[in-house]
2 protein chains.
Amino acid sequence: MKSGQKSTIYDIAQKAGASPSAVSAALNDKWKQRRLKQETVDRILQVARDEGYTANLQARGLRKAESGLAGMVLPDHENRFFAELSQQFAREAHARGLCPAIVHAGRDADAQLSSVESLIAYSVDLLMIAGATEPLGLAHTCRKARVPHVFVDHPCAEAPSVVTDNTGGAALLTKTLLDVMEPPSSADPATWLYFLGGEQSLPASAERILGFRQQTKAAKALFDPGQVLACGYESDKAEAALAALYARLGQLPAGLFVNSIGCFEGVLRFLSGLPEGDIVRSTFGCFDHDPFATLSRFPLRMIRQRADLMVGEAFRQLDAGTSEPRLIRVAPELV
Amino acid sequence: MKSGQKSTIYDIAQKAGASPSAVSAALNDKWKQRRLKQETVDRILQVARDEGYTANLQARGLRKAESGLAGMVLPDHENRFFAELSQQFAREAHARGLCPAIVHAGRDADAQLSSVESLIAYSVDLLMIAGATEPLGLAHTCRKARVPHVFVDHPCAEAPSVVTDNTGGAALLTKTLLDVMEPPSSADPATWLYFLGGEQSLPASAERILGFRQQTKAAKALFDPGQVLACGYESDKAEAALAALYARLGQLPAGLFVNSIGCFEGVLRFLSGLPEGDIVRSTFGCFDHDPFATLSRFPLRMIRQRADLMVGEAFRQLDAGTSEPRLIRVAPELV
DNA sequence: AAAGGTTGCTCAATCGATGTAGCAACGGTA
DNA sequence: TACCGTTGCTACATCGATTGAGCAACCTTT
C-alpha cells in the first residue's frame with residue numbers, strides 16, 4: 001500500500017501478527033482443516049482486504065504445478081465461426097475459474113506448434129486447439145507435457161476431437177436446396193445443383209462433398225463429377241470458378257451450394273455484376289453463417305456451425321479426463 | 001523424457017555434468033558474461049535439445065517479476081472491430097516476444113475489474129483495455145500494480161488512451177449521406193436524416209452524435225432532437241426503434257445513420273420484412289464496417305475504424321513508457 | 001503425576017529459474 | 001615465495017505461495 005508495491009502473504013502475516021502459513025490457509029479457506037481460530041482468520045482477512053491483497057498466481061502456479069490458465073490456439077479471428085468459438089471458450093473457462101489465454105497462430109503448422117509449446121511453458125491447465133493444420137504433432141507435444149487437450153473443427157486422430165457434422169450438414173443443406181429448386185434434368189447442366197469451393201484433400205471439404213453426393217444421388221440429381229467445383233477456399237478462386245461456370249452454361253446454374261463464407265464473398269462479387277433477373281431464377285445455399293449474409297438480395301439458406309455446442313462438448317471431454325482419441329460430431333443448424 | 005515429465009535445468013545440469021547456474025547461463029545466452037567455456041555450453045545445449053527442454057515460464061516470471069504475458073481485456077468478439085483489435089494485438093504482442101492473453105469481460109464494470117485484477121495477478125507485462133465501462137477504477141488498479149496500461153476505444157481520463165476520431169468520422173459519414181440524399185425539408189420528417197443507436201451517456205456515442213449534429217446543422221438539416229434515436233447498442237432495441245419510427249412516419253426516413261454494426265443487424269431484420277420499393281428510396285450509413293455489408297442490396301456507406309493503426313498507436317504509448325493521460329485520436333476511413 | 005489427546009499455531013522444504021558472490025586452480029610478476 | 005589477475009565454474013539466496021511435519025500449551029483421564 002505505502003510503496004505501491006503489491007503485498008504478499010508475508011506482509012499480511014506481519015501486519016496481522018500471524019505466520020505466512022496461517023495467512024495462506026485463511027485465504028484459501030483451509031483454516032478449518034488447519035485448525036486456526038475463527039478470530040485469527042478474521043483478523044487476517046481484514047488485513048488482506050485493507051491491503052487490497054491479490055495472490056501472485058505465478059508463485060501459486062509454480063508451487064502447484066498448474067496455472068489457472070486455459071489455453072486456446074486458433075488460426076484467426078476474422079472468421080465469424082472462430083470468433084464465436086473463442087467467445088464461448090472464454091465463457092466456459094471463466095465458469096471453471098480459469099483465465100482464458102487465447103493465441104492466434106495462423107494456419108502455419110510451425111507457428112501453431114510454437115504457440116502450443118509456449119502455452120505449455122506457462123503450465124496451462126488445459127488446451128483447446130481449433131483449426132489445427134497438423135494435429136498429430138500438436139497432440140504429441142501436449143501428451144508429452146501431460147496437458148489435457150482437445151481439438152475442435154479440425155480433428156486429430158490421436159486425441160479427443162469435436163467437429164461439425166459436415167456430412168450431415170451438407171446433406172441437410174443439399175436436400176433443402178433440391179426441395180426448393182425445379183427438378184434438375186440430366187439433359188440440361190443449367191438445371192443442376194453445383195457444389196462450389198473447398199478442397200477435396202481436406203477432411204472437412206471431403207465430408208461435405210460426401211453429404212452433397214449422398215443427397216443429390218438420392219434425389220437422382222447427381223449427373224456428373226463436374227458438379228463439384230472444389231476450387232479452394234479463397235474468395236477469388238470461387239469468383240473465378242463461378243465466372244467460368246457461368247460462361248460455360250451461358251447462365252447461372254439453377255442451384256449453388258457454396259462451401260464457405262469466404263467463397264460466398266467471391267460469389268457475391270460475381271453476382272453483383274449480373275442483372276437482377278439472372279439471379280432470381282437460382283437457388284443459393286452456403287455452408288457457413290454470417291448475419292450479414294441475410295442482406296443478400298436473394299433468399300439464401302445457410303448452415304450455421306454450433307460453436308457454443310462444440311465448445312461445450314469439448315469441455316466435457318476435458319472434464320472427463322479422457323485422452324483417448326474420440327470423434328464427436330455436432331450437428332449444425334439450418335438458418 | 002523417460003517419465004514423460006518436463007525436464008528442468010536441474011535435470012539438464014546433471015546429465016551435462018554442470019551446475020544449474022551454468023545451464024541457465026547457457027540457455028539465456030549469458031555464458032560469455034559468466035565466463036563459461038564454449039565447450040561446456042555446447043554440451044549443455046546438446047543435452048537441452050535432446051531432452052526437449054522448455055523453460056518453466058512461471059518460475060522465470062516469479063523470479064524476474066514479469067511474465068512475458070501481454071494482457072488484453074475486451075468486451076466480446078462478436079463484433080468485427082473488436083475481433084480485429086484482438087487479432088492485431090496478438091500480432092504486435094508476438095512481435096515483442098510476448099504471449100497474448102486475451103480475456104472477454106463483457107460490458108459489466110465489475111467483471112472487467114476482476115479480469116484486470118486476474119491478469120495483474122499473473123504479472124502481465126502490459127495491459128490493453130478495450131471498451132472499458134468504468135475506466136477510472138481499472139486505471140487505478142493498474143497504476144497501483146505498476147502495470148503499463150493503455151485504453152483503446154473507450155478512453156480513460158487518467159491514462160494513455162487511443163480512440164477513433166468519432167466526431168470526425170461521424171461528421172464525414174453524415175456529410176456523405178446528406179450529399180447523396182434529396183435535400184431534407186423541415187416540414188416533412190420523412191425527408192430527414194436520423195441517427196439510430198448508442199447511448200448519449202457513453203463518450204463514443206456522444207461524440208458521434210456531436211459530429212452528426214455539426215454536419216446536419218451546417219447543412220441546415222437539423223430540425224428536431226427527435227432526429228437522434230439513442231436506443232442502446234442491442235440489435236433488438238434498434239429494430240424496435242426503427243419499427244416505431246416507421247410506424248410514426250408511415251414509411252422509412254430518407255436517411256439513416258446507424259451507430260454500430262449491432263444496431264445495423266436490427267435494422268436489417270426490420271428491413272427484411274419490407275418490400276423492395278420501400279427501401280430503395282432511403283439512404284443508409286453505418287458507423288462500423290463488415291465486409292458482407294458492402295454486398296447488401298442497397299448502397300451503404302460505412303465507417304471503418306482502423307483497429308490496426310489504433311493498436312499500433314497503443315503499443316507505441318506502452319513502449320514509450322508514458323503513464324500520463326493522453327488522448328490519441330485515430331481517423332477512421334469511409335468505405 | 002505421568003500419559004495421552006486436543007487446540008492453535010509455526011517451521012521449513014518445495015516448485016524452477018535467475019544472478020550475485022565467491023571459490024579453486026593456474027599463470028604471470030616482483 | 002608471496003602476491004595478483006584471470007579463467008571457469010559452483011553455492012546459495014531469492015521470487016511468493018503451499019503444505020507436511022511438528023511444537024507448545026492446555027485439558028483429560030487413570
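## Salt bridges and contact surfaces in a two-chain model

B:D236 is exposed, as its relative accessible area is 53%. That residue is a good place to start a tour of this structure, which is a predicted model. Its partner is B:R269: the two form a salt bridge whose closest N and O atoms are 3.0 Å apart. This pair ties together distant parts of chain B, since B:D236 belongs to helix α10 (residues 235-249) and B:R269 to helix α11 (residues 261-271), 33 residues apart. B:R269 counts as partly exposed, because its relative accessibility of 35% falls short of the exposed class, which begins over 50%.

### Salt bridges, one by one

How many salt bridges are there over all chains? The count comes to 33. Some of them are set out here, with the distance between the closest N and O atoms.

| Acidic residue | Basic residue | Closest N to O distance |
|---|---|---|
| B:D236 | B:R269 | 3.0 Å |
| A:D179 | A:K175 | 3.5 Å |
| A:E333 | A:R306 | 3.7 Å |
| A:E207 | A:R329 | 3.6 Å |
| B:D290 | A:R80 | 3.5 Å |

Take A:D179 and A:K175 next. Both sit in helix α8 (residues 166-180) of chain A, four residues apart, which is about one turn of the helix. Are these two residues buried or exposed? A:D179 is exposed at a relative accessible area of 58%, while A:K175, with 43%, is partly exposed.

Now look at A:E333 and A:R306, whose side chains meet in a salt bridge of 3.7 Å, N to O. They link distant parts of the chain, 27 residues apart: A:E333 is in strand β12 (residues 333-334) of chain A, and A:R306 is in the loop between β10 (300-304) and α13 (307-320) of chain A. Both count as partly exposed, A:E333 at 30% relative accessibility and A:R306 at 22%. The 22% of A:R306 keeps that residue out of the buried class, because buried means under 20%.

These two residues also take part in something wider. A:E84, A:R304, A:R306, A:D308 and A:E333 are linked in a network of salt bridges.

### Where two domains of chain A meet

Chain A is divided into domain 1 (9-55), domain 2 (67-158 + 307-334) and domain 3 (166-304). Let us follow domains 2 and 3 of chain A. Their centres, taken over C-alpha atoms, are 31 Å apart. Six residues of domain 2 of chain A are in contact with 14 residues of domain 3 of chain A.

The size of an interface is often given as the accessible area lost when the parts come together. For domain 2 and domain 3 of chain A, the area buried between them is about 970 Å², with 56% of it on carbon and sulfur atoms. Which residues of domain 2 of chain A lose the most area to domain 3 of chain A? They are A:R80, A:P332 and A:L334, which together account for 56% of what that side buries.

Charge has a part in this interface too. Three salt bridges are found across it, and two residue pairs are in polar contact. On the side of domain 2 of chain A that touches domain 3 of chain A, the elements giving two or more residues are α5 (80-95) and β12 of chain A. The residues of that side divide into two nonpolar, no polar and four charged.

### Where the two chains meet

The contact between the chains takes 55 residues from chain A and 55 residues from chain B. The area buried between chain A and chain B is about 4,800 Å², and carbon and sulfur atoms give 59% of it.

How many salt bridges cross the interface of chain A and chain B? The rule finds two. A:R80 forms a salt bridge with B:D290, with the closest N and O atoms 3.5 Å apart. Across the interface of chain A and chain B there are also 15 residue pairs in polar contact.

On the side of chain A that touches chain B, at least two residues each come from α4 (57-64), α5, β2 (99-104), α6 (109-121) and α11 (261-271) of chain A. The largest share of that side, seven residues, is supplied by α5(A). Sorted by type, the residues of the side of chain A that touches chain B are 25 nonpolar, 18 polar and 12 charged.

Methods
Residues are numbered from 1 along each chain as its sequence is written. Chains are lettered from A and ligands numbered from 1 in the order in which they are written. This is a predicted model: local features need pLDDT of at least 70, side-chain atom pairs count only at pLDDT 80 or more; totals for chains, interfaces and linings use all residues. Side-chain values use heavy atoms; hydrogens and water are left out. A salt bridge is a side-chain nitrogen of Lys or Arg within 4 Å of a carboxyl oxygen of Asp or Glu. Buried means under 20% relative accessible area, exposed over 50%, partly exposed in between (1.4 Å probe, protein chains only). Domain bounds come from an automatic or database domain assignment. Contact means heavy atoms within 4.5 Å. Buried area is the accessible area (1.4 Å probe) that two parts lose on being put together, summed over both. A polar contact is a pair of N or O atoms within 3.5 Å; within protein, one must be able to donate a hydrogen and the other to accept it, and residues adjacent in sequence count only if both atoms are side-chain atoms. Ala, Val, Leu, Ile, Met, Phe, Trp, Tyr, Cys and Pro count as nonpolar, Asp, Glu, Lys and Arg as charged, and the others, Gly among them, as polar.
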